[in-house]
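Please open the structure in a viewer and keep the selection panel at hand. The tour proceeds by selection, with a short account of what is found at each stop.

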Amino acid sequence: FGWGNAVYDYDNDGDHDVAYFGALHANFYATADNPGTVLWNQACSAEFEPDLTPLRHEYTDNNVTGVAGGDLDGDGFVDLVTASRYVLQPGTPLLLGVQSYGAVWDPTAYFVPEFAPGPDPEELVWTGIEFDNGTLGIELNSGNDNNYVGVTLVGSVDITAGGMVNRDGVGAVVTLTPHGSHPTTVPVHAGSSFGSQHALEALFGLGTSHKAVVDVMWPGGAKNRVYNVLAGERITLPEIPCSYDASWASVSEYKGCVDVALDDLKDAGVISAEMRGRLLASALAAYLQS
């Protein structure tokens, strides 16, 4: 069982893995069967294998509900923060679970009997078991030699004409394609884990690639593209409300729309003059190749 979860590329090999934590607290029992589960995507096949080694802490005794992912130490790998509602006290009696789901943790799936049959077999009586207060936990990702790119979005509503997306870019979809490899897509959304929120930066693993193309589809349908994003780059991309694949009368009309938007974004301090030139060059290349 799990509450909080994170779908992220924990080893930066270019595909999504899954981590989830939690316990089921029902009316008369609480499970103690999830030490923290990481499911490792096998070569972008969506065939997942449990990875039994990556977590530094064992969470079976923690009723974790919230899980948030983000790069806490700035090394380009997603770290995890967990929040539990309670912790089992040392010596809490556990009973072996009777249900089997074919999961890797089945042989060690226990539960806490909070209530048990009393003198009247038709009534359940509290067993007296109490729980300690919950805790916060941090799992720092030690990383490997794989490369990465970080993408942060900025919506341009009230900055430029046609801008319609909130400042955090919530609702946009980011696709990164490393050179010589397959694309990976990450949505930017709020409420992204149970009772918690992942970092809004989209962090992508590149594997051994050294540069990539980034595509953004904004709410409303506008599409932007940036070429030659380098490994290790943390790039901030603004909403340019001029879709490169729209039906423009000419390249001049498209360029005029992009020029106005980029000028407004530069004047507002969202992008630098250097980034303006880079975004314009990529926008024109995307239009000509679409």
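The stops below cover a sheet, two nonpolar cores and several salt bridges in what is a predicted model.

**Stop 1: the open sheet**

Select strands β1, β2, β4 and β5. These four strands form an open sheet in the order β1-β2-β4-β5, with antiparallel pairing. The edges are β1 and β5 (residues 48–51), each of which pairs on one side only. From one strand to the next, the twist averages 20°.

Now restrict the selection to β1 (residues 5–8) and display its side chains. In a regular strand, side chains alternate between the two faces of the sheet. Which residues of β1 are buried? A6 and Y8 point to one face and are buried, whereas N5 and V7 point to the other and are not.

Add β2 (residues 17–20) to the view. The pairing of β1 with β2 is antiparallel and runs over four bridges. To locate one of them, select Y8, whose bridge partner in β2 is D17.

**Stop 2: the largest nonpolar core**

In soluble globular proteins, nonpolar side chains tend to be buried together. Select V151, L153 and L237: within the largest nonpolar core, which has 38 residues, these three touch the most other members. To see where the core draws its residues, colour strands β14 (147–154), β15 (173–178), β17 (202–207), β18 (211–217), β19 (223–230) and β20 (234–238), together with helices α1 (251–267) and α2 (273–289); each supplies at least two residues. The largest share, six residues, comes from α2.

Centre the view on V151 and display its surroundings. Leaving aside residues up to four places away in sequence, V151 touches V174, L200, E201, A202, F204, V214, I235 and L237. Apart from this core lies another, of 13 residues; select F21, V64, V78 and L203, which are among them.

**Stop 3: salt bridges between distant parts of the chain**

How many salt bridges does the model contain? The count comes to nine, and three of the pairs are visited here, beginning with R234 and D71. Their side chains meet in a salt bridge, at 3.0 Å from N to O. The pair links distant parts of the chain, 163 residues apart: R234 is in strand β20, and D71 is in the loop between β6 (62–70) and β7 (79–88). R234 counts as partly exposed, at 34% relative accessibility, whereas D71 is buried, with a relative accessible area of 17%.

Next, select E233 and R278. This salt bridge has its closest N and O atoms 2.5 Å apart. E233 lies in the loop between β19 and β20 and R278 in helix α2, so the pair ties together parts that are 45 residues apart in sequence. Is E233 buried or exposed? At 19% relative accessibility, E233 counts as buried, while R278, at 25%, counts as partly exposed.

**Stop 4: a network of salt bridges**

Finally, select K255 and D259, whose side chains form a salt bridge at 2.7 Å, N to O. Both residues lie in helix α1, four residues apart, or about one turn of the helix. K255 is partly exposed, at 32% relative accessibility; D259 is buried, with a relative accessible area of 17%. Extend the selection to D263 and R276: salt bridges that share partners join K255, D259, D263 and R276 into one network.

Note on methods. Residues are numbered from 1 along each chain as its sequence is written. This is a predicted model: local features need pLDDT of at least 70, side-chain atom pairs count only at pLDDT 80 or more; totals for chains, interfaces and linings use all residues. Side-chain values use heavy atoms; hydrogens and water are left out. Buried means under 20% relative accessible area, exposed over 50%, partly exposed in between (1.4 Å probe, protein chains only). Two strands pair if DSSP finds at least two bridges between them. A nonpolar core is a set of buried Ala, Val, Leu, Ile, Met, Phe, Trp, Tyr and Cys residues joined through side-chain atoms within 4.5 Å. Contact means heavy atoms within 4.5 Å. A salt bridge is a side-chain nitrogen of Lys or Arg within 4 Å of a carboxyl oxygen of Asp or Glu. Axes are lines fitted to C-alpha atoms, for helices over the stretch in contact, and angles run from 0 to 180 degrees between N-to-C directions.
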